[in-house]
Amino acid sequence: MFVVMYNLRAMPAGHQTFLRQRTFSVPVRRDANNQINRKPLTPGQGRTLRYLIHLRFQSSKSGKLYLHRDIRLLFSRKSMEVDSGAAYELQSFTESPIDPPFSSRC
C-alpha cells in the first residue's frame with residue numbers, strides 16, 4: 001500500500017504538477033546498549049530503493065483536481081533479506097517541483 005501525503009490547495013485552475021515518493025530500506029544501527037542509532041546516512045551509504053510511485057495531477061478550468069494520465073510504479077527486484085536477521089526500516093521521501101511548483105496546461 002502506498003500512502004502519499006500531499007497538499008495541492010495552492011494549485012491554480014488549468015495547471016498541472018507531479019509528486020514522486022521514494023521509499024528506501026535503511027539499515028538500523030544499534031549502539032553498545034542495543035539502542036537504535038538514527039544517525040543520518042550519507043547518500044548511497046547502505047540505503048536501497050525499494051519502491052517508487054510517480055503521480056501526475058491536473059486541475060480543470062473550474063479548479064477541480066484530477067489524477068492525470070498514468071500512475072508509475074517501481075518495485076525493487078532485490079530481496080529485502082528479511083530472513084538474514086539484519087535490522088532495517090523503511091523511510092519515504094516525497095518530492096515535487098519547486099520552482100515553479102505548477103505549470104500551465106497546454
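Reading a predicted all-strand chain

User: Which element of the protein chain has the lowest mean pLDDT, and which the highest?

Analyst: This is a predicted model, and its elements can be ranked by mean pLDDT. Strand β3 (residues 36–37) is lowest, with a mean of 62. Where pLDDT is low, predicted coordinates should not be read in detail. The highest mean, 94, belongs to β4.

User: What is the mean pLDDT of the protein chain?

Analyst: Of the residues in the protein chain, 77% reach a pLDDT of 70 or more. The mean pLDDT of the chain is 84.

User: How many helices and how many strands does the protein chain have?

Analyst: Along the sequence, the pattern reads β-β-β-β-β-β-β. The count is therefore zero helices and seven strands, a strand being a DSSP run of at least two E residues.

User: Which strand supplies the largest share of the largest nonpolar core?

Analyst: That core has eight residues: Val4, Leu8, Met11, Leu19, Ile53, Leu55, Phe57 and Phe102. Three residues of the core come from one strand, spanning residues 48–59. That strand is β4.

User: Which residues does leucine 55 contact, leaving aside its neighbours within four places in sequence?

Analyst: Leucine 55 is one of the residues of the largest nonpolar core. Val4 and Leu19 are also in that core, and both are in contact with leucine 55. The full list for leucine 55 is Val4, Thr17, Phe18, Leu19, Leu67 and Ile71.

User: Is serine 60 buried or exposed?

Analyst: Serine 60 sits in the loop between β4 and β5 (65–75). Leaving aside neighbours within four places in sequence, serine 60 is in contact with Ala13, Gly14, Tyr66 and Arg105. Its relative accessible area is 14%. Because the cut-off is under 20%, serine 60 counts as buried.

User: How does leucine 49 count: buried, exposed or partly exposed?

Analyst: Leucine 49 lies in strand β4. It touches Arg22, Thr23, Phe24, Leu74 and Ser76, not counting residues up to four places away in sequence. Its relative accessible area is 29%. Since buried means under 20% and exposed over 50%, leucine 49 is partly exposed.

User: What is the C-alpha to C-alpha distance between leucine 49 and leucine 90?

Analyst: In sequence, leucine 49 and leucine 90 are 41 residues apart. In space, their C-alpha atoms are separated by 9.6 Å.

User: What accessible area do the residues of the nonpolar surface patch have together?

Analyst: The patch is formed by Leu67, Ile71, Leu73 and Phe75. Phenylalanine 75 is placed in strand β5. Together, the four residues have an accessible area of about 400 Å².

Conventions: Residues numbered from 1 in each chain as written. Predicted model: local features only at pLDDT ≥ 70, side-chain atom pairs only at ≥ 80, totals over all residues. Heavy atoms only, no water. Core = buried A, V, L, I, M, F, W, Y, C linked by side-chain atoms within 4.5 Å. Buried < 20%, exposed > 50% of the residue type's maximum accessible area, 1.4 Å probe, protein only. Helix = DSSP H or I, 4+ residues; strand = E, 2+ residues; numbered from the N terminus. Contact = heavy atoms within 4.5 Å. Patch = residues over 30% accessible without salt bridge, like charges linked within 9 Å, V, L, I, M, F, W, Y side chains within 5 Å. Areas by Shrake-Rupley, 256 points an atom, 1.4 Å probe, with all protein chains shown as cover. Salt bridge = Lys/Arg side-chain N within 4 Å of Asp/Glu carboxyl O. pLDDT = per-residue confidence, 0-100.
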